[in-house]
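Visitor: I'd like a close look at just one part of this protein. Could you pick a small sheet and walk me through what surrounds it?

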Amino acid sequence: MMEKGNLSINSENIFPIIKKWLYSDTDIFLRELVSNGCDAINKLKKLKSMGEANVSDNEEYRVTVRLNEEEKTIQVIDNGLGMTADEIKEYITQIAFSGASDFIAKYQDKIENGSDIIGHFGLGFYSAFMVAEKVEIDSKSYIPDAPAAKWICDGGVEYEIGDSDKVDRGTVITLHIDDDSKEFLNGWKLKEILAKYCYFMPVEIYFEEEKKDNENKEDNTSEAEEKPVNDTAPLWLKKPSECTDEEYKAFYHKVFSDFNDPLFWIHLNMDYPFRLKGILYFPKLKHELESIEGQVKLYNNQVFIADNLKEVIPEFLLLLKGTIDCPDLPLNVSRSFLQNDGYVTKMSKYITKKVADKLNSLFKKDRAEYEKFWEDISPFIKYGAMREHEFYEKVKDILLFKTTDGKYETLSEYTDNNKEKAENKVFYVSDIQQQAQYIKMFKDQGMEAVVLDTKLDIPYVSFLEAYSGGTQFARIDSAVSDMLKSDEETSVDKDALEKLFKSVLGKDDLKISVEGLKDEGVSAVIELSEQSRRMQEMSAIYGMGNSTFPSDETLVLNGNSSIVKLLLDIKDSRKEEADMICRHIYDLAVMSHKPLSMEAMTEFIARSNKIMELLAEK
Ligand code: ADP
């Protein structure tokens, strides 16, 4: 006999609301039902261990998800503690229902736009109505002699409750999938959802698909998978001291489908003041920052919540790959709440500290290994330093700089090694090929520059200048006259040279200076002031176009170069050749600084041919 009941004194119907608001994340219905099944099993195990439930020691606990496409049903079956009719009334129709309605009432305005809640935890059982037009519960309690109970609700405010013919202990939830949600009547789809949301749940989960047997239409054959779809003991739960490198790597390969080995990892394991376990991996990078995509999966007691939840995990850590399980996290609240939650802040600080500690211990224990990793981990560390000041404070002494001779030095090592020439100044190269000529000149002086050649380095340089206590950065082409001058003044006629170049090149506004550079083989170089170049870079980044800031280039002629000296001798007597040499010196200087423009390049080639002709004729 079925008894009728009413879900709510308030006749508001929450089901259409559930359907509408949670539509974007419909998949979670399965997570909710399967995790309820796991909870029911864990509760039973607990009762058994306290001697309060009579269960065989050989009991095979499991949750089964069974699809029947023909009948348009999905069942979630567990052999947990079960519920009596009174318990169903209490837990499902009162507590769960009021939980769901409270939740909706509370976050009504926030969920209006769909995206402002996370996890949708707290809706629990009623999320079934996101995909089902009718839901049945058949349950038999572990309590001896308690009759099995059946509950049916078709998504309205009324439900029926009565006897069930279920004989074995546990609960079967049967969802009659509505026509709008037919996509869930598909084995692949369900397995995909299980793999995403239930992969680490603590009880074995099996997937079964009922298929109508064509020969004998009366009989259903059931296709059961032999292996559970999940891993009930994720590695993060194991004690770090008991995990082997192989286990860490295998776990990484499996969870992130990345065939490469991770560089190294951090096993997070904390009980107080909050519980947090997890493993963070530093992946091997293939590209520059733009393409780094980490994946940090967040779990609540082995139940998957979401990937890359920015509110909980410090943003710069999202470049890593990992799993984090925090049972204490309040997940049934809105994102904006999470951002201001003290717990979340503490957690984020803890993770940041652990990562910094790991990097510091690597640096101290095995500098060579740390250097080997540097290229891979540096985008992460640079970005992290800029984003989180606390992180920067913890890693500032282990930031490495690759020098032009291929060594890795910290900031203080570099400044110590180069301090005779440049106190507190760091010279850097942003393109080792294009700036090869400058690098050579620096090397000839016994100096090295550091290589900072990624996009991230532009803000990184400014960041370090602001925070690293007075260190100034200068690109290698900004310091020519300062750094490369010989000690003696040059004796050439500076004014005559300047006048000659100005008139030949026809560039009145070109800045020209004449210096005696050490390297006599260099006729001229371009010097570009650091400040004006940065302005140009900024305006390019912010899309103001290059023309906003005039380029501040100086042609530095080397008074010690023999060709420059010769030029002065022939400038009046062999005007045509002098002209060509002027232009050639200028082009060579520009070329060692940046690519020539198209016109300049064709002219340069034509002129080079002409010069060879002159040589051959001689
Ligand atoms: P929550 O799981 O967050 O408590 P639910 O709405 O999912 O909320 O479930 C409400 C209650 O119903 C649970 O706390 C539990 O007592 C009971 N329940 C749900 N599913 C099962 C099940 N498969 N077996 C036993 N009890 C269940």
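Guide: Here is a tour of one sheet, its middle pairing and the helix lying across it. Keep in mind as we go that this is a predicted model.

Let's start with the sheet itself. It is an open one, built from 3 strands in the order 20-22-21, with mixed pairing. Strand 20 (511–515) and strand 21 (524–528) are the edge strands; each has a single partner, so one side of each is left without a neighbour in the sheet. From one strand to the next, the twist averages 30°.

Now zoom in on strand 21. Its pairing with strand 22 (residues 553–558) is antiparallel and runs over 5 bridges. If you want to find the register on screen, look for E527, which stands opposite T554 in strand 22. L528 has its own bridge partner in strand 22, namely E553.

What about burial? In a regular strand, side chains alternate between the two faces of the sheet. Strand 21 has A524, I526 and L528 on one side, with V525 and E527 on the other, and all of these are buried. That makes 5 of the 5 residues of strand 21 buried. So being at the edge of the sheet leaves strand 21 without a strand neighbour on one side, yet both of its faces are covered.

Next, the helix. Helix 17 (residues 575–591) lies across strand 21 and strand 22, and it runs at about 50° to strand 21. You can check its length with a quick bit of arithmetic: at 1.5 Å a residue, the 17 residues of helix 17 should span 24 Å, and the end C-alpha atoms are 24 Å apart, so the two agree.

Which residues of helix 17 are buried? They are A578, M580, C582, H584, I585, Y586, D587, A589 and V590. As a rule of thumb for reading such a list, an α-helix has 3.6 residues a turn, so residues three or four places apart point the same way. The buried residues of helix 17 pack against strand 21 and strand 22, and also against three helices: helix 14 (494–505), helix 16 (562–570) and helix 18 (598–617).

To put the picture together: strand 21 sits at an edge of the sheet, pairs with strand 22, and has helix 17 lying across both strands.

Conventions: Residues numbered from 1 in each chain as written. Predicted model: local features only at pLDDT ≥ 70, side-chain atom pairs only at ≥ 80, totals over all residues. Heavy atoms only, no water. Pairing = 2+ DSSP bridges. Helix = DSSP H or I, 4+ residues; strand = E, 2+ residues; numbered from the N terminus. Axes fitted to C-alpha atoms, helices over the stretch in contact; angles between N-to-C directions. Contact = heavy atoms within 4.5 Å. Expected span 1.5 Å × (residues − 1). Buried < 20%, exposed > 50% of the residue type's maximum accessible area, 1.4 Å probe, protein only.
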